[in-house]
Amino acid sequence: NVIEGNVIGTNLNGNAAVPNSGDGIRITNAPNNRVGSATDAGARNIISGNSASGVTFSQAGTSGGLVVGNFIGVNLNGTVALGNTANGVLLTAGATNVQIGGTTGLAQNVISANGANGISMLSNANGNRVSRNRIGTTPAGAALGTVGSGIFVQSSGNTIGGANASFANVIAGNAHGITLSGAAAISNAVSFNTIGTDTASN
């Protein structure tokens, strides 16, 4: 499935919340879904103002997902906070091999101003990749923040950043940058990210 070019949880102008009572997008036991576009900025989704999380991937059958080029928790221009009540993106209950972001500017998500964490990887959500996103900032790098952590991890084998600076996430303006929590948070790789700065290096 492909989900692109939508305004979810706001008015048509993307500047005021019209919340869904749950998640903006919820994908359960469905593999290989793409949310957004890595090649066309006009196909980005605005996923903001919802009463739970912006995007949720849940259950073991939910593998191989892709979240690219979206504005999650902000307005149409990415400059004003319009947070989802819970997480920007939630991976849980066995969702695996989900990629959030990419290696190009068009692939990066802006995930900011959400009420829990920017990205949460919980409960056997293993082997996921988070790269080249702006988490807690505007597209230009000004702080919008997240109430909790930019990225919160309670699972294993996830990659945050990558092999070089082209994979770097900018994680700034949040209460915590990255939190690794609990005995299940093992064998995660956190590399080449920019944490706690408003740099526009992406």
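**Parallel strand pairing, core packing and loop residues in a predicted model**

At a relative accessibility of 17%, Ala-113 counts as buried, since the cut-off for that class is under 20%. In this predicted model, Ala-113 is placed in the loop that lies between strand E11 (110-111) and E12, and the residue adopts a positive phi of about 65° although it is not a glycine. A positive phi in a residue other than glycine is also found at Ser-187, where the value is near 60°. Ser-187 belongs to the loop between strand E18 (176-180) and strand E19 (189-191), and with a relative accessible area of 64% Ser-187 is exposed, whereas Ala-113 is buried.

A further loop residue, Arg-132, is located between strand E13 (129-131) and strand E14 (134-135). Arg-132 counts as buried because its relative accessibility is 15%, and the side chain of Arg-132 reaches the backbone oxygen of Thr-103 at 3.1 Å.

Strand E11, which precedes the loop of Ala-113, and strand E14, which follows the loop of Arg-132, are both part of an open sheet of seven strands, arranged in the order E2-E5-E8-E11-E14-E17-E20 with parallel pairing. The edges of this sheet are occupied by strand E2 (7-8) and strand E20 (194-195), each of which has a single partner strand, so that one side of each is left without a neighbour in the sheet. The partner of E2 is strand E5 (residues 46-47), to which E2 is joined in parallel by two bridges, and within this pair Ile-8 has Ile-47 of E5 as its bridge partner.

Parallel pairing also links strands E3, E6, E9 and E12. Strand E3 (residues 25-28) pairs with E6 in the parallel sense over four bridges, with Thr-28 standing opposite Ser-58 in E6. On E6 and strand E9 (residues 89-92), four bridges again connect the strands in the parallel sense; Val-55 has Val-89 of E9 as its bridge partner, and Ser-58 is matched in E9 by Thr-92. E9 in turn pairs with E12 in the parallel sense, here over three bridges, and the bridge partner of Leu-90 in E12 is Ser-120.

The side chains of the two strands E6 and E9 can be followed residue by residue. In strand E6 (residues 55-58), Val-55 and Phe-57 point one way while Thr-56 and Ser-58 point the other way, and all of them are buried. In E9, Val-89 and Leu-91 point one way and Leu-90 and Thr-92 the other way, again with all of these residues buried.

Several of these residues recur in the largest nonpolar core, which comprises 24 residues, and in which Phe-57, Val-89, Leu-91, Ile-100, Ile-119, Met-121 and Ile-151 touch the most other members. At least two residues of this core are supplied by each of E3, E6, E9, strand E12 (119-121) and strand E15 (149-153). In soluble globular proteins, nonpolar side chains tend to be buried together. The surroundings of Leu-91 illustrate the contacts made by one such core member: when residues up to four places away in sequence are not counted, Leu-91 touches Phe-57, Val-98, Ile-100, Ser-120, Met-121, Leu-122, Ala-125 and Asn-128.

Key
Residues are numbered from 1 along each chain as its sequence is written. This is a predicted model: local features need pLDDT of at least 70, side-chain atom pairs count only at pLDDT 80 or more; totals for chains, interfaces and linings use all residues. Side-chain values use heavy atoms; hydrogens and water are left out. Two strands pair if DSSP finds at least two bridges between them. Buried means under 20% relative accessible area, exposed over 50%, partly exposed in between (1.4 Å probe, protein chains only). A polar contact is a pair of N or O atoms within 3.5 Å; within protein, one must be able to donate a hydrogen and the other to accept it, and residues adjacent in sequence count only if both atoms are side-chain atoms. A nonpolar core is a set of buried Ala, Val, Leu, Ile, Met, Phe, Trp, Tyr and Cys residues joined through side-chain atoms within 4.5 Å. Contact means heavy atoms within 4.5 Å.
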